[in-house]
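Q: Please take a close look at one helix and what comes right after it. Then carry on to the other spots worth a visit.

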Amino acid sequence: MQIETLLYILLSGIIALLVALFQYNVKGKNKSNWLFAFLRFISVFTLLLLLVNPKFEKISFYTEKPNLIIAVDNSSSIAHLQQTENVSELVSTLKENKNLLDKFNLNFFSFGKDLQASDSLSFKEQETNIDKAFSEFSQIYKNTTSPIILLSDGNQTYGNDYVYSAEKVNQPIYPIILGDTVKYTDLKLQQLNVNKYAFLKNNFPVEAIVTYNGNSSVTSKFVVTSGVSTVYSENISFSKEDNSKILNFTLPANRVGVQSYKAQILPLDSEKNTINNYKNFAVEVIDQKTNVAIVSDLIHPDLGAFKKSIETNEQRSVSILSPKEYLLQKNDFQLVILYQPNNTFKSVFEDLQQNNANKLVVLGTKTDYSFVNKNTTDYKHDITSQTEDYQASLNTNYTTFIIDDLDFESFPPLQSAFGKATFSIPVETILNKKIGSIETEDPLLLSFETNGRREVLLLGEDIWRWRAQSFLNNKSFNNFDTFIGKLVQYLASNKRKNRLNIDYESFYQGSANRVIKAQFFNKNYEFDAKESLNIILKNKTTEEITTLPFILKGNHYQVDISHLPAGEYSFTVKATSENISESGAFQILEYYIEQQFLNANVSKLEQVAEKTNGTSYFVAKTETLIDDLLKDERYATIQKSSKNIVPLIDFKFLLGLLILSLAIEWFLRKYKGLI
């Protein structure tokens, strides 16, 4: 406590004493005056202490044990390699070891596709993402001492190379290697590359990569079948030195619809794992293609971004043309994107208006707004010489088609002309303009329909930055490309809007997340969030029927069908309150990615241990691992101190004392008739 505070306390006592002596003359023989003076002294002194509020430094000491992270691979590959019993016993041993509990704070995690804080294990996860687990550990245990025990076979099916992400954890990692390390003779269909779509009466390309693990020379046969028919076959020879083959061939697309195939390398007699010898794949054969023209009179990165996003769908092709070039080829295109139009677009506008054609218009800083205002009747834009940067905010009430939130608010701003667009017809806003933290009611991206024509208007340029940011957020362009694809699909179709719309794929890969989405509208075509939707699924092979409810998520309903086994399914989605339904069909391809591995990935796990100053162990060496952790001086318990400034006396106690002294004094004075 500071000397200044002590002086204040002493001065408070003197002032309280003088006040008490002044108010009550204690020189007389009346002894009660002494009692009243004492009570008044207590009251005044307590009140002054509340004002002074004396404080002092309190130093407390405590010990902090290091954390010990036990991360367990919960994927189905552990069960496939027959390691579930070893893992369960090892987890129990670590959990019950008293010496470890005394030295560490034990934290248990399991991981497959995602990381979970749990020691409950099922070994049914269909994907393994060790990279994501390490990335999350680097955030959770930043600036702490937290060594990690990794129980895994080291076989990752999804994510970046986890050896590099392990270094960023900044913690020693101790891999416990699960699985057989003996190398068996094995043929494997390593990879199969094929387009999702093919066009009727064309041949579509297929690329297969086949690998061999063994010492002797062998011969096998690569076969592709469709149903009971063999559509392609080739004999292949391997040796210890020549242990991989790349096969390139084409298959005919003779029928419209989803065509299923099975590619396999026939197994050897001595093979232990034959699941990795085959892959199922499917191709959707279509008889038409959407040609999209991007008409622009300038060079801009946005043009390439639109082209790449749209062409991720094999059903679509994009050509970037000048207005003159477009007019010469206009009959070849089903959709037009007008990028920052000016006077050179006059004939293009007239042609599109004459044909009542759908279009996507992008307005930016290089747009001739005077020209646009003269050639459009649906909207007008203020003409200014200033520009402004606008960020995007998703309108969750948009119901024309399903839009997923891509975390638009994290995207860089788009640049546009300063001013406001006014509309002469009803429009539906997809994205609102946002300036800094202020969200406006002005649209940044919108759609509208008039006289049987559809149009989408984007009031900003530099959308290529959005595609780049989407990749940084998700490590993939897929989300952004799907978003642009939905805009194109909306514009390329003129079919009447239904009250129940279903969004699903024709076929799903067996290892992928499978979701069916739906939207339901009331009689005014407004999204109805109170409806109950159910999907009735029928397996065409077993004729088993499954009924699942949809759940509401934002501006759409969705149902997860990831648990369904591989096969062909028909389905019907029904609304509970009204007699409205939609039907369809899809196929789930059989593919068990977690069962493609025959051995533990020892080299990768050893690299992780080496790069993080840890050590790798096999399951039989668990006791050695525990001894090493207990002896490692890096994991000593640390004594820490904390210094807090605390009040000398609790203000609640002082308030209670003040009230008590005043109350006693008042009652005594009342009793003696002094008041």
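**A helix end, then a walk around**

A: Right after helix α16 comes G673, with a positive phi of about 75°. (Helices are DSSP runs of H or I with at least four residues, strands are runs of E with at least two, and both are numbered from the N terminus.) Before going on: this is a predicted model, where local features need pLDDT of at least 70 and side-chain atom pairs count only at pLDDT 80 or more, while totals for chains, interfaces and linings use all residues. Numbering starts from 1 along each chain as its sequence is written, and side-chain values use heavy atoms, with hydrogens and water left out.

Back to α16 itself, which covers residues 651-671. With 21 residues at 1.5 Å each, the helix should span 30 Å, and the end C-alpha atoms are indeed 30 Å apart, so the two agree. (The expected span is 1.5 Å times one less than the number of residues.) L654, L658, S661 and E665 are the buried ones in α16. Looking down the axis, the buried residues of α16 fall within an arc of 70°, so they line one face of the helix. (That arc is taken from the directions from the helix axis to the C-beta atoms. Buried means under 20% relative accessible area, exposed over 50%, and partly exposed in between, with a 1.4 Å probe and protein chains only.) There is a simple reason for such spacing: an α-helix has 3.6 residues a turn, so residues three or four places apart point the same way. Over on the other side of α16, you'll find K652, F653, I659, F667 and Y671 exposed.

Next stop, α13 (478-492). Its 15 residues should span 21 Å at 1.5 Å a residue, and the ends come out 20 Å apart between C-alpha atoms, which agrees. Buried residues in α13 include F480, F483, I484, L487 and Y490. F480 and F483 also turn up in a cluster of linked ring pairs, along with F408, F411 and W466. (Rings of Phe, Tyr and Trp, the last by its six-membered ring, pair if their centres lie within 6.5 Å; planes under 30 degrees apart are stacked, over 60 edge-to-face, the rest tilted.)

Helix α13 also takes part in a cavity. The structure has 1 cavity of 30 Å³ or more, and the largest cavity holds about 50 Å³ of space. (A cavity is a set of points on a 1 Å grid over the protein atoms alone where a 1.4 Å probe fits but cannot get out, and lining residues have an atom within 4 Å of a point. Points are joined across faces, edges and corners, and the volume is the space filled by probe spheres set on them.) Its lining is made of F306, L360, L445, V456, L458, I463, W466, F483, I484 and L487. Two elements, β25 (453-458) and α13, give two or more residues each to that lining, and α13 has the largest share, with 3 residues. By class, the lining has 10 nonpolar, no polar and no charged residues. (Ala, Val, Leu, Ile, Met, Phe, Trp, Tyr, Cys and Pro count as nonpolar, Asp, Glu, Lys and Arg as charged, and the others, Gly among them, as polar.)

Now for more rings: the count of aromatic pairs comes to 30. One of them is Y232 with F249, stacked at 4.0 Å centre to centre and 5° between the planes. Y232 sits in strand β11 (residues 229-238) and F249 in strand β12 (residues 244-252), so this pair ties together parts 17 residues apart in sequence. F249 is buried, at 7% relative accessible area. Then there are F349 and F371, whose ring centres lie 5.4 Å apart with planes at 90°, so that pair is edge-to-face. Their link joins distant parts of the chain, with F349 in helix α10 (residues 346-354) and F371 in helix α11 (residues 369-375), 22 residues apart. Both F349 and F371 are buried.

Finally, back to phi. Most residues other than glycine have a negative phi. N143 goes the other way, with a positive phi near 65°, in the loop between α6 (130-140) and β5 (148-152). N143 is exposed, at 76% relative accessibility. E543 has a positive phi too, about 60°, and isn't a glycine; E543 is in the loop between β29 (533-539) and β30 (545-549) and counts as exposed at 56%.

How values were computed
On a 1 Å grid over the protein atoms alone, a cavity is a set of points where a 1.4 Å probe fits but cannot get out, and a pocket is an open set with protein on both sides within 12 Å along at least five of seven lines; lining residues have an atom within 4 Å of a point.
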